[in-house]
Amino acid sequence: MAAPPEIALTDLNGYWVMSKSLSDPLDPVLTLQGINWLIRKIVSMATVTMHVIEFADENGTTNITIEQTATGGIKGETEVRKLDWSEVPHSSGVFGEMNNRSRWTGIGSSAESGGGGPLHPWLTEGWLEEKTAEDGKEHIQNWVVNERSGWTAEQVWGFAEVNGERHHVRKFMVKKDEEEAKARMVYVWKGRNKT
């Protein structure tokens with residue numbers, strides 16, 4: 001179901017399912033990240049559900065905890081995003097050891113990549129204009145580094161119109177050496193409570 005208007009990046013609390021039919025194929029991105037063929041096939045068949053818990057801590061910093069579950073025998077993982085651009089280590093059974101940084105961001109011409117320089121234009125296109133953060137920054141940016149596998153991933157989160165409906169969307173671009181792969185993930189709103 002489309003995300004209702006009261007659901008915004010400042011309140012993603014609830015359950016979301018990644019739509020395989022509305023999202024881009026993940027295989028090119030997973031291949032570049034060094035994920036083996038069998039795991040890529042399992043991921044492509046799995047249904048991924050996210051339980052998102054979002055809150056502001058005592059310093060007013062947005063924190064997002066994402067508890068993921070998947071069908072197909074994939075072990076669920078929990079991700080923690082602290083939107084103050086501090087480095088947060090994360091260990092994944094699929095992707096290995098990574099360091100994540102997250103923040104509120106705008107996507108205008110002055111938007112900066114986590115790796116320096118401007119954000120890739122593809123990451124800044126196709127969004128609905130929804131100013132939700134206090135300073136007018138309307139998107140969430142994540143920068144992920146996997147030093148062992150030699151790749152970086154940059155994500156931008158927001159809302160976009162997909163097939164005439166408003167959905168939560170995450171666009172991400174993975175780079176390794178001179179290669180890059182990108183994908184758009186579209187999430188279907190399931191509600192505040194698990195059904």
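Student: What makes the charged end of Lys-171 count as sitting over the ring of Trp-122?

Tutor: In this predicted model, the charged end of Lys-171 is 4.5 Å from the centre of the Trp-122 ring, and because the cut-off for that distance is 6 Å, with a further limit of 35 degrees from the ring normal, the contact is listed as a charge over a ring.

Student: Which charged end sits over the ring of Phe-159?

Tutor: That is the charged end of Arg-166, placed 3.9 Å from the centre of the Phe-159 ring.

Student: How many aromatic pairs does a search of the whole structure find, and why is the pair of Trp-16 and Phe-159 called tilted?

Tutor: The search finds two aromatic pairs. The ring centres of Trp-16 and Phe-159 are 6.5 Å apart and their planes stand at 55°; since stacked requires under 30 degrees and edge-to-face over 60, the angle falls in the remaining class, and therefore the pair is tilted.

Student: Why is the pair said to tie together parts that are 143 residues apart in sequence?

Tutor: Trp-16 belongs to strand β1 (residues 14–18) whereas Phe-159 belongs to strand β8 (residues 151–162), so their pairing ties together parts with that separation of 143 residues. Both Trp-16 and Phe-159 are buried, and ring pairs link these two residues with Trp-189 into a cluster.

Student: Why is Asp-57 called buried, and what does its side chain reach?

Tutor: Asp-57, which lies in the loop between β2 (48–56) and β3, has 12% relative accessibility, and because buried means under 20%, Asp-57 counts as buried. The side chain of Asp-57 reaches the backbone nitrogen of Asn-59 at 2.9 Å.

Student: Is His-120 then buried, partly exposed or exposed, and why?

Tutor: His-120, found in the loop between β6 (96–105) and α3 (121–124), has 24% relative accessibility; because buried requires under 20% and exposed over 50%, His-120 counts as partly exposed. Its C-alpha atom is separated by 8.6 Å from that of Met-173, although the two residues are 53 apart along the chain.

Student: How many cavities of 30 Å³ or more are there, and what lines the largest cavity?

Tutor: The count comes to two such cavities, and the largest holds about 710 Å³ of space. Its lining is made of 32 residues, with Gln-68, Glu-77, Glu-79, Phe-95 and Met-185 nearest the centre; the lining divides into 19 nonpolar, eight polar and five charged residues. Strand β3 (residues 62–70) supplies the largest share of that lining, four residues.

Terms used. Residues numbered from 1 in each chain as written. Predicted model: local features only at pLDDT ≥ 70, side-chain atom pairs only at ≥ 80, totals over all residues. Heavy atoms only, no water. 1 Å grid on protein atoms, 1.4 Å probe; cavity = no way out; pocket = protein on both sides within 12 Å on 5 of 7 lines; lining within 4 Å. Points joined across faces, edges and corners; volume = space filled by probe spheres on them. Helix = DSSP H or I, 4+ residues; strand = E, 2+ residues; numbered from the N terminus. Nonpolar A, V, L, I, M, F, W, Y, C, P; charged D, E, K, R; others polar. Phe/Tyr/Trp six-rings, centres within 6.5 Å; stacked < 30°, edge-to-face > 60°. Buried < 20%, exposed > 50% of the residue type's maximum accessible area, 1.4 Å probe, protein only. Polar contact = N/O pair within 3.5 Å; in protein donor to acceptor, adjacent residues only side chain to side chain.
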